[in-house]
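Visitor: I would like to go through this model with some questions about its geometry. Please keep the answers brief.

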Number of protein chains: 2
Amino acid sequence: MTQTNLKNSVGVVSPQRAHFPEPLYLESGEVLDGFELIYETYGELSADGSNAVLVCHALSGNHHAAGFHSESDTKPGWWDTVIGPGKPIDTNRFFVVCPNNIGGCDGSTGPSSLCEATGEPWGSHFPQVTVADWVETQKRLAEHLNIQHWAAVIGGSLGGMQALEWSVRYPDWVSHCVAIAAAPGLTAQNIAFNEIARQAIFSDPEWHDGNYLEADSNPAQGMALARMVGHLTYMSADKMTDRFGRELRQGSFDPQDDEEPVFQVESYLRYQGSQFVSRFDANTYVLMTRALDRFDLSARGQGDLTEALRDASAEFLIISFSSDWRFAPSRSQEMANALLSAEKRVTYSDIESDAGHDAFLLDDANYLALFSAWMGRVAT
Amino acid sequence: MTQTNLKNSVGVVSPQRAHFPEPLYLESGEVLDGFELIYETYGELSADGSNAVLVCHALSGNHHAAGFHSESDTKPGWWDTVIGPGKPIDTNRFFVVCPNNIGGCDGSTGPSSLCEATGEPWGSHFPQVTVADWVETQKRLAEHLNIQHWAAVIGGSLGGMQALEWSVRYPDWVSHCVAIAAAPGLTAQNIAFNEIARQAIFSDPEWHDGNYLEADSNPAQGMALARMVGHLTYMSADKMTDRFGRELRQGSFDPQDDEEPVFQVESYLRYQGSQFVSRFDANTYVLMTRALDRFDLSARGQGDLTEALRDASAEFLIISFSSDWRFAPSRSQEMANALLSAEKRVTYSDIESDAGHDAFLLDDANYLALFSAWMGRVAT
């Protein structure tokens, strides 16, 4: 945490925990006998509770969306560009809540937690959860915090899917809904990329059918490979060309070791894979990609997206990024069109960017200006 | 082979072999003490040798480009849509030569061949070969067949790169050059996809540092995963949506086994991966992707593609496909522009297609009509 970092920062924050002893009936039909959520909050809840904003995280995100965990911490939360005093989600106005979702690996109940019944980590026995299940847990957290209404529910990518689900599942709770770089459901291509990531994990001999913690092992190579696939698809081809081009790592085509990377881009991708392994759990990765695959907003309307959105009462902000080919602008346009057909109030913008899917996390002036202006209209 | 299949077919063909005892000096500086090529030919070489056409194969291709291997064979060669009587590469007019490249796994000298010096399969000790090395071997094959000139050198994808290399390396040999769904060099994104495929293979415990044949094993899971990555990137997102959408495999989200595929597209992709394993060698896959990565036509012009093409004397046909995102139309356009700048004769067409990179192998009426018309101008 430096003086520069502290500009418009929420400062040092501490995660909190809440235990929910009541059973959670999952969409799959399975039941979770209670669960725990780790979460962070930024800003102050107003006396009438009218300024609460829920931020939902994406595949590899968690509850630490903004600020720093200590005075010496140099890495802010994952959406620090967006959350803070004077930022789009302005903590001078809003009380922001961001939980780690169940099934996650950063403190909320998930596959790496101990299962009370067995005394062992859940591992592969943790049930598959869905976007709708997360909405249920987030609602319990809201009630725990004496919140009865969200001024806004906001998310990017898989987080945007949660915001959309909130808007139709609990319309009375949500007056504003922001879905960024999201989609009403994955395409076949997207499911295929997720499947490759899962196969990479399943193929690792350290996977042990998902019970690697019990076996005191870790499918690190499979996870690194899965992350490489993901990371590559979150970038745009043009950005990669600008950043790496055909630059060689050592100025030569012939490394000492046949398996060494030759091009800079290979080296970069391997590094991204290896870094991820140390902070993420393989079962969570599998679970999150499956939750992504299964999300299908149109199912609520028997395949008709307009019909599925009929009951929503929120005002919507839909944002896409021009170079995002994993969650293409056409999918956001599809959402915006369906919202218009359903006679909802919607603002849609496709932001010109070369940063691909990752753009939703980055500091892009046009994006942040639009987001700020729109949030300025959210009454509290 | 059925009556329908025989329409415009070259019929039953037999691969031939040629041994080249002279050492081959590779671009890497390594030397191969002789090599063998397996190849097929279709049509008749004219008395003056003026009608010879070289067809170069892509990553997973081989020498069997057209016709059938027996009366009962039901699967024709990989470019049977393009090669045959009355087809774009008309065997009534042309004598077509198609070798399996060295480093391959279908009969030419490669990593799965026995190394004479050791009596063991080459495995990881097989030297890295390049597009230029292949051109050298193809030239030796031409000389072996009493060919001193190619009426045309033709290829798609990595095959197109070989055709381009021929045009600048041996300009006097090549009067027509056809590069389809190719590029003057890979982008960073393309290299990254190849690197993921290689990492999938390297991560397989059966890989044994490339010496799996000696160890009597096979990195089948890694290869299947590598092929899944490749196959997915050769298809367009729209085609996948049309073909698979979000269709479930068993009508349910909950398969018996946690690792079973849920969506049709997952099942399809796994099948493609598993099929490939039985017919391809992992070291060859690694070698071919590296040859792709390293090809850089502009290097001949110190980074200036126009300069690199200065010496070519061929007439060029450059074809791309609108939905090919692995070898995007913009890369073919770049080739066409550089050829124009270098004052070469060039025809460029971007074919409207939803079939992605794979389109170059498929039966598309506009593509085949253009290709036929252009080849009709090739004097023999």
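The questions below concern a predicted model, and they cover the chain pair, a helix pair and a single residue.

Visitor: What symmetry relation links chain A and chain B?

Guide: Two copies of a chain are related by a rotation about an axis and a shift along it. Here chain A is laid on chain B by a turn of 180 degrees and a shift of 0.0 Å along the axis, with an RMSD of 0.0 Å. That is therefore the relation of a two-fold axis.

Visitor: Do the copies meet through the same surface or through different ones, and what share of interface residues decides this?

Guide: The contact takes 39 residues from chain A and 39 residues from chain B. Of the interface residues of chain A, 100% are also interface residues in chain B, so the copies meet through the same surface; the share is 100%.

Visitor: Which element gives the largest share of the side of chain A that touches chain B?

Guide: The elements of chain A that give two or more residues to this side are α4, α5 (220–234), α6 (237–243), α7 and α8. By class, the side has 19 nonpolar, 11 polar and 9 charged residues. The largest share is 11 residues, and it comes from α4(A).

Visitor: Are α4(A) and α8(A) roughly parallel or roughly antiparallel?

Guide: Helix α4 (residues 188–203) of chain A packs against helix α8 (residues 282–294) of chain A at an angle of about 160 degrees, with the axes 10 Å apart. Angles over 145 degrees count as roughly antiparallel. The two helices, α4(A) and α8(A), are therefore roughly antiparallel.

Visitor: How many nonpolar residues does the contact of α4(A) with α8(A) have?

Guide: From α4(A), the residues are A:Ile191, A:Asn194, A:Ala197, A:Arg198 and A:Ile201. They meet A:Ala282, A:Tyr285, A:Val286, A:Thr289, A:Leu292 and A:Asp293 in α8(A). Counted by class, this contact has 2 charged, 2 polar and 7 nonpolar residues.

Visitor: What is the handedness of the crossing in which α4(A) passes α8(A)?

Guide: The axes of these helices are 10 Å apart. The crossing of α4(A) past α8(A) is left-handed.

Visitor: Why is A:Phe276 partly exposed?

Guide: A:Phe276 is found in helix α7 (residues 264–277) of chain A. Leaving aside neighbours within four places in sequence, A:Phe276 is in contact with A:Met223, A:Ala224 and A:Arg227. A residue counts as buried at 20 or more other C-beta atoms within 10 Å, and as exposed at 12 or fewer. A:Phe276 has 19, so A:Phe276 is partly exposed.

Note on methods: Residues are numbered from 1 along each chain as its sequence is written. Chains are lettered from A and ligands numbered from 1 in the order in which they are written. This is a predicted model: local features need pLDDT of at least 70, side-chain atom pairs count only at pLDDT 80 or more; totals for chains, interfaces and linings use all residues. Axes are lines fitted to C-alpha atoms, for helices over the stretch in contact, and angles run from 0 to 180 degrees between N-to-C directions. Helices (H or I, at least four residues) and strands (E, at least two) are DSSP runs, numbered from the N terminus. Angles under 35 degrees count as roughly parallel, over 145 as roughly antiparallel, 65 to 115 as roughly perpendicular and the rest as oblique. A crossing is left-handed if the near helix is turned anticlockwise from the far one by less than a right angle, and right-handed if clockwise. Two residues are in contact if their C-beta atoms, placed from the backbone, lie within 7 Å. Ala, Val, Leu, Ile, Met, Phe, Trp, Tyr, Cys and Pro count as nonpolar, Asp, Glu, Lys and Arg as charged, and the others, Gly among them, as polar. Copies are superposed by least squares on the C-alpha atoms of residues with pLDDT of at least 70 in both.
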